[in-house]
Amino acid sequence: MMGKIIFYEDKNFQGRSYETSSDCPELTSYLSRCHSCRVESGNFMVYDRPNFMGNQYFMRRGEYSDYMSMMGMRECIRSCRMIPMHRGNYRMRIYERENFGGQMHEMMDDCDSIQERYRMSDCQSCNVMDGHWLMYEQPHFRGRQMYMRPGEYRNFREMGMGMGGMGGMSGMRCMSMRRIMDNMSM
């Protein structure tokens, strides 16, 4: 089943709207602003800058009548990415240092604290082999988030999870991670 999200210019689902079931790198092509949205199916990452940049927020099925105050966002949604549903195993290798250096641990399930589970004080790179994951800057799935789809991520600092990255992501550390699943609770 494909995901479906509807964006509205004003709070409480008022004003002009734009509906999509796919990635949208620039919402201002369709709406001058966005202050509420409704996820009818699937899961989405929304971003406060165009081209999937800036702070990221996970949205699952539900109504977000005033998402800025609900989620602590300072800026309007500027782009969104549909997260495909994954059926099967989840597998990711996390590394203490950039370019897959230092300690390595392979994960197949959620981890609420890399420090408690693996005695790692930091995670600077990863290889997502299977599934889609959310990384969090704090233990216990708190703080800013970053969506990771299958692929190699050699340096979180260059991606915006560390210093000098994508605008609002600067200074972020990865301390917990969670699989994105159909019946995911937040």
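Colleague: Leaving aside its neighbours within four places in sequence, which residues is His132 in contact with?

Modeller: A contact list is read as the set of residues whose heavy atoms come within 4.5 Å of the one you picked. In this predicted model, His132 is in contact with Ile83, Pro84, His86 and Tyr90, with Tyr147, Met148, Arg149 and Pro150, and with Arg178, Arg179 and Ile180, once residues within four places in sequence are set aside.

Colleague: Where is His132 found, and does one call His132 buried or exposed?

Modeller: His132 is found in the loop between strand 10 and strand 11, the latter spanning 133-138. The general idea for burial is a threshold, since a residue counts as buried when its relative accessible area is under 20%. His132 has a relative accessible area of 9% and is therefore buried. Its side chain also takes part in a polar contact, of 2.7 Å, with the side chain of Tyr147.

Colleague: How should I read the chain as a whole before going further into single residues?

Modeller: One begins with the inventory of elements, and here the protein chain has 3 helices and 14 strands. Next comes burial, where 50% of the 186 residues of the protein chain count as buried. The surface can be read in a similar way, for the protein chain exposes about 9,000 Å², and carbon and sulfur atoms supply 42% of that area. Finally, one can ask how far along the sequence the contacting residues lie: among contacts between residues at least 6 apart in sequence, 64% join residues at least 24 apart.

Colleague: In what order do the strands of the sheet with strand 10 stand?

Modeller: A sheet is read by walking from strand to strand through the pairings, and the open sheet here has 4 strands in the order 9-8-10-13, with antiparallel pairing. The edge strands, each pairing on one side only, are strand 9 (101-107) and strand 13 (151-153). From one strand to the next, the twist averages 15°.

Colleague: Which residues stand opposite one another along strand 10?

Modeller: Bridges are what one follows here, and strand 8 (residues 91-97) pairs with strand 10 (residues 125-130) over 5 bridges in the antiparallel sense. Met92 has Val128 of strand 10 as its bridge partner, while Ile94 stands opposite Cys126 in strand 10. Strand 10 also pairs with strand 13, over 3 bridges and again in the antiparallel sense, and there Cys126 stands opposite Tyr153 of strand 13. As to cover, strand 10 is mostly covered, with 5 of its 6 residues buried.

Colleague: What is the order of the open sheet that contains strand 1?

Modeller: The reading proceeds as before, and this open sheet has 4 strands in the order 2-1-3-6, with antiparallel pairing. Strand 2 (14-20) and strand 6 (62-64) are the edge strands, each of which pairs on one side only. Neighbouring strands of this sheet are turned against each other by 15° on average, with direction ignored. Strand 1 (residues 4-10) and strand 2 run antiparallel and are joined by 5 bridges, and Phe7 stands opposite Tyr18 in strand 2.

Colleague: Which polar contacts does the side chain of Ser36 make?

Modeller: For a polar side chain, it is useful to look at the place, the burial and the polar partners together. Ser36 has its place in strand 3 (residues 36-41), and it counts as buried because its relative accessibility is 0%. A polar atom of the Ser36 side chain lies 2.5 Å from the backbone oxygen of Asp10, and the side chain of Ser36 also reaches the backbone nitrogen of Phe13, at 3.1 Å. Not counting residues up to four places away in sequence, Ser36 touches several others, among them Ile6, Phe7, Tyr8, Lys11, Tyr64 and Tyr67.

Colleague: Is Lys4 buried or partly exposed, and what does Lys4 touch?

Modeller: Lys4, which is found in strand 1, counts as partly exposed because its relative accessibility is 24%, and the cut-off for buried is under 20%. Beyond residues up to four places away in sequence, Lys4 touches Glu19, Thr20, Ser21, Arg38, Val39, Glu40, Ser41 and Phe44. With Glu19 one can also read a separation, as the C-alpha atoms of Lys4 and Glu19 are 7.2 Å from each other, although these residues are 15 residues apart along the chain.

Terms used. Residues numbered from 1 in each chain as written. Predicted model: local features only at pLDDT ≥ 70, side-chain atom pairs only at ≥ 80, totals over all residues. Heavy atoms only, no water. Helix = DSSP H or I, 4+ residues; strand = E, 2+ residues; numbered from the N terminus. Buried < 20%, exposed > 50% of the residue type's maximum accessible area, 1.4 Å probe, protein only. Areas by Shrake-Rupley, 256 points an atom, 1.4 Å probe, with all protein chains shown as cover. Pairing = 2+ DSSP bridges. Axes fitted to C-alpha atoms, helices over the stretch in contact; angles between N-to-C directions. Polar contact = N/O pair within 3.5 Å; in protein donor to acceptor, adjacent residues only side chain to side chain.
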